[in-house]
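I opened this notebook to keep track of what I looked up, going from single residues to the whole chain. My entries follow the order in which I looked.

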Amino acid sequence: MKDINDIIVIGAGTAGLTCAIYGLRAGKSVLVLEEKMYGGQIVNTPSVENYPGYKNISGFEFANNLYEQAKALGMEYRNEKVTGIKTCSEKNGLRAVVTEKETYETRAVVIATGAKNRMLGLEREKELTGKGVSYCATCDGAFFKGRAAAVVGGGNTALEDALFLSNYCSKVYVIHRREEFRGDKSDVDKLKTKENVELVLNSTVEELLGENTLNGVNVRNVNDNTLTKLSVDGLFVAVGQVPDNESFREAVKLDDKGYIVAGEDCRTGTDGIFAAGDCRTKGVRQLVTAAGDGAVAGLEASKV
């Protein structure tokens with residue numbers, strides 16, 4: 001058992017690191033626990049153009065700036081997977097954050113675990129992941145240089161992935177189940193100017209083709225039910241995210257989709273536990289709202 005922390009932040013994405021900065025600036029001791037690498041999913045974005053104050057910055061640089069700022073203020077950072085949160089009833093309501101390596105006591109906990117990529121749920125999807133199926137175009141796109149690929153999704157991530165891949169691939173299909181995209185119109189307009197990009201609208205991916213590696217997909221038109229084969233070596237899935245909150249089900253209330261129930265004050269309904277960023281119930285999940293949540297949660301947690 002370590003010394004008592006004022007605040008423990010679970011997750012080192014934009015919300016978590018911003019929370020740490022605000023907690024530290026309030027004079028609190030802050031420990032940040034992160035299962036993987038700091039920065040969250042934004043590190044895979046080559047160009048951030050919608051964050052106030054930055055005309056253009058890479059996701060990695062943005063995340064690294066946050067991390068270095070928090071470290072300079074005195075953040076303690078550990079790479080450990082959190083497995084649960086418990087109440088130390090004999091110690092005036094202190095919380096115990098349990099990881100695979102250690103148990104840490106704290107006065108306040110901020111859950112900022114974000115969300116993970118949603119799968120299509122197709123047969124052999126897991127089997128072909130890394131063998132043609134990917135959830136990160138900026139990570140794997142270069143492997144498909146000169147070859148055909150498809151992107152599935154209708155939001156900003158899908159549009160950004162398609163634009164990125166259009167610089168490498170001979171052909172990029174953008175498969176979306178509706179007629180209109182949910183993402184920014186400016187990105188849609190850019191895609192329409194690309195000669196090697198084809199929009200496949202009102203369509204869903206029905207089947208993954210290929211034995212040991214992906215070599216195509218069958219796509220069904222939702223209007224006339226026709227089936228079309230697209231010969232592609234890569235399929236990049238960008239159909240949204242799902243929260244990773246199962247470890248906290250006993251500590252906080254989750255909604256029917258697995259998000260932590262918390263309002264704009266980031267309070268969960270459980271004293272001393274807050275939720276910030278994409279892991280909580282909210283209408284808009286963007287980089288700027290994650291930072292906003294982090295600031296609010298850091299200040300609220302500092303009051304405990």
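Entry one, a loop residue. I began with Cys266, which I found in the loop that runs between strand E16 (241–243) and strand E17 (273–275). I note at the outset that this is a predicted model. Is Cys266 buried or exposed? I looked up its relative accessibility, which is 0%, so Cys266 counts as buried. I then turned to its backbone and read a positive phi of about 65°, although Cys266 is not a glycine. I reminded myself that most residues other than glycine have a negative phi.

Entry two, the same loop again. Lys253 also lies in the loop between E16 and E17, and I wanted to know how it sits there. Its relative accessibility is 59%, which is over the 50% needed, so Lys253 counts as exposed. Setting aside the neighbours within four places in sequence, I listed Tyr259, Ile260 and Val261 as the residues in contact with Lys253. I also looked up how Lys253 relates to Val205: the two are 48 residues apart in sequence, and from C-alpha to C-alpha they are 34 Å apart in space.

Entry three, another positive phi. Asn225 is not a glycine either, and yet I read a positive phi of about 70° for it. I placed Asn225 in the loop between strand E13 (216–221) and strand E14 (227–230). With a relative accessible area of 51%, Asn225 is exposed, whereas Cys266 is buried.

Entry four, a residue in a strand. I went next to strand E5, which covers residues 94–99, and found Thr99 in it. Which side chain makes a polar contact with the side chain of Thr99? I found that it is the side chain of Glu80, at 2.6 Å. Not counting residues up to four places away in sequence, Thr99 touches Leu33, Glu80, Lys81, Val82, Thr83 and Tyr104, so Glu80 appears both in this list and in the polar contact. The relative accessible area of Thr99 is 6%, which is under the 20% cut-off, and I therefore noted Thr99 as buried.

Entry five, a loop after a helix. Asn196 lies in the loop between helix H6 (185–192) and strand E11 (197–200). Its relative accessibility is 16%, and so Asn196 counts as buried. Leaving aside neighbours within four places in sequence, I wrote down Ser166, Cys169, Ser170, Lys171 and Val172 as its contacts.

Entry six, the whole protein. I counted 7 helices and 17 strands in the protein. Its radius of gyration is 21 Å, close to the 19 Å that the globule rule gives for 304 residues, so I noted the protein as being as compact as a globular protein of that length. Along the principal axes, the C-alpha trace spans about 65 × 40 × 30 Å. Buried residues make up 50% of the 304 residues, and Thr99 and Asn196 are among them. Of the contacts with a separation of 6 or more, 58% are accounted for by residues 24 or more positions apart.

Entry seven, surface and charge. The protein exposes about 14,900 Å², and carbon and sulfur atoms supply 45% of that area. Finally, I looked up the charges: there are 38 positive and 42 negative ones, and their mean positions are 1 Å apart.

Conventions. Residues are numbered from 1 along each chain as its sequence is written. This is a predicted model: local features need pLDDT of at least 70, side-chain atom pairs count only at pLDDT 80 or more; totals for chains, interfaces and linings use all residues. Side-chain values use heavy atoms; hydrogens and water are left out. The radius of gyration is taken over C-alpha atoms; the globule rule is 2.2 Å times the number of residues to the power 0.38. Buried means under 20% relative accessible area, exposed over 50%, partly exposed in between (1.4 Å probe, protein chains only). Contact means heavy atoms within 4.5 Å. Accessible areas come from the Shrake-Rupley method with a 1.4 Å probe; for residues, only the protein chains shown count as cover. Lys and Arg count as positive and Asp and Glu as negative; His and the chain ends are not counted. The place of a charge is taken as NZ of Lys, CZ of Arg, CG of Asp or CD of Glu. A polar contact is a pair of N or O atoms within 3.5 Å; within protein, one must be able to donate a hydrogen and the other to accept it, and residues adjacent in sequence count only if both atoms are side-chain atoms.
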